[in-house]
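Visitor: Please take a close look at one buried spot in this model. Then show me how the surroundings are built.

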Amino acid sequence: MNTRNVAVANEKGGVGKTVTVINLGAALAAMGKKVLVVDMDPQANATKGLGVAVTEDMLTTYDIIKNHKSPVIDQAIVPTAWDGLELLPADADLAGADIELVNEYGRENRLKRALTGIGDTYDFIVMDTPPSLSLLTVNVFAFASEVLVPCQTHPYAYDALENLFDTIEVVQDEINAGLEVKGIVPTFFDQRTRVSHEILEKLKTDQRYRELICESIIRINTTIAESANAGMPIMHFRRSSSGAADYQALAEELAGQGRSFSLNVRQRIHLRGPRLPAAFRWSSSRPRQKYDINCSRDSGLIRTPFFSFGKPGPQGQIKGL
Ligand SMILES: Nc1ncnc2c1ncn2[C@@H]1O[C@H](COP(=O)(O)OP(=O)(O)OP(=O)(O)O)[C@@H](O)[C@H]1O
Ligand SMILES: [Mg+2]
């Protein structure tokens, strides 16, 4: 099984990371995917939001990353009330991990080491992170293949994206070259407010982010908070809510994406293939057409059955299509 390891991250607090983890996980599971939610936030909101109360005898993400020889991961994973959705829970002990591991060798890779063995069991491993670049987030980034960034449609959240992308670049350089930003999910979108529309427009037109913006937008919906409080994913709490529909759409978008890319440039070009760096900008002088190109990437060279391109130019434009 080709497991997709998805980090849901944003250093900014309260942007919807945890509800995205819970509801995306549940929606993917309802689509028949096998999903593991990993809670790497000492606030343990994903754990509570999935209706799991951690007791003394349970193992948590803290136990997994604390010891050089971590316990068998299977013993820490618990089922949830929903088919196909399992949880590696957290509790407040995790807050101490940052300091306790400060002098430990290989501390960034503890989660990766523990989870690598079970990869094949799941279609998706969806990981919640705290609102800071702590060792916990770094552990998640070290194991993840892709990052999903919830971004509140609010000016502060938009401004904070720059820092996050800098951080991700450092992680790509230093720890995990394969890490890729899969998408930015606009959250807390309020149809009635001008600021929501303005920030959404900014995201969609900003050349740093526009190709990464998910088509699915999460609208503001108080049922989302109610369902988290009730310890249930929204689709099982109130199926008819806009929040349930939005997270369903996001799950479909993410699952359908697979390894194909569709990029909005002067025209839309569909690409299928291994990961391509997000920084690449594609352009074509051809009239509207859909291209299906199987790409392979080899030290900056992109080869397809039809074309082969050198490194992108200064603007990242690949010429020759
Ligand atoms: N679309 C939404 N509409 C209404 N309320 C929402 C929405 N998304 C999240 N919330 C609520 O907003 C609060 C913050 O959401 P959440 O906990 O998911 O953010 P977070 O990014 O994980 O926060 P933190 O950085 O503290 O971990 C929660 O009370 C949640 O229930
Ligand atoms: Mg959270």
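Guide: Start with Leu 94. Leu 94 counts as buried because 25 other C-beta atoms lie within 10 Å, and the cut-off for burial is 20 or more. Keep in mind that this is a predicted model.

Leu 94 sits in a loop. That loop runs between strand 4 (85-88) and helix 5 (97-100). Setting aside neighbours within four places in sequence, Leu 94 contacts Pro 42, Thr 60, Thr 61, Tyr 62 and Leu 136. Ile 65 is 29 residues away along the chain, yet the C-alpha atoms of Leu 94 and Ile 65 are separated by 9.0 Å.

Follow the contact to Leu 136. Leu 136 is one of the buried residues of helix 7. Helix 7 spans residues 135-143 and is mostly covered, with 9 of its 9 residues buried. Among the elements that cover helix 7 are helix 3 (61-66), helix 5 and helix 6 (110-116). The cover also includes strand 1 (4-8), strand 5 (124-128) and helix 8 (155-174).

Val 140 is another buried residue of helix 7. It leads to the largest nonpolar core, which has 83 residues. Val 140 is listed with Val 37, Val 126 and Met 127 as having the most contacts inside that core. Helix 1 (residues 17-30) gives the core its largest share, 8 residues. Met 127 touches Val 140 and Ala 144. Beyond four places in sequence, Met 127 also touches Val 6, Ala 7, Val 8, Val 38 and Met 40.

Now the sheet. Strand 1 and strand 5 pair in the parallel sense over 5 bridges. Asn 5 stands opposite Ile 125 in strand 5. The open sheet has 7 strands in the order 3-4-2-5-1-6-7, with mixed pairing. Its edges are strand 3 (78-79) and strand 7 (180-187), each pairing on one side only. Helix 8 lies across strand 6 (146-152) and strand 7. Helix 8 runs at about 160° to strand 6.

Last, the ligand. Ligand 1 is surrounded by 20 residues. The closest are Gly 13, Lys 17, Thr 18, Pro 131 and Ala 225. By type, the shell divides into 9 nonpolar, 9 polar and 2 charged residues. Helix 1 and helix 10 (222-229) each supply at least two residues of the shell. Helix 10 gives the most, with 4 residues. Helix 1 thus appears twice: in the core and around ligand 1.

Terms used. Residues numbered from 1 in each chain as written. Chains lettered and ligands numbered in written order. Predicted model: local features only at pLDDT ≥ 70, side-chain atom pairs only at ≥ 80, totals over all residues. Core = buried A, V, L, I, M, F, W, Y, C linked by C-beta atoms within 7 Å. Buried ≥ 20, exposed ≤ 12 C-beta atoms within 10 Å, placed from the backbone. Contact = placed C-beta atoms within 7 Å. Near = placed C-beta within 6 Å. Nonpolar A, V, L, I, M, F, W, Y, C, P; charged D, E, K, R; others polar. Pairing = 2+ DSSP bridges. Axes fitted to C-alpha atoms, helices over the stretch in contact; angles between N-to-C directions.
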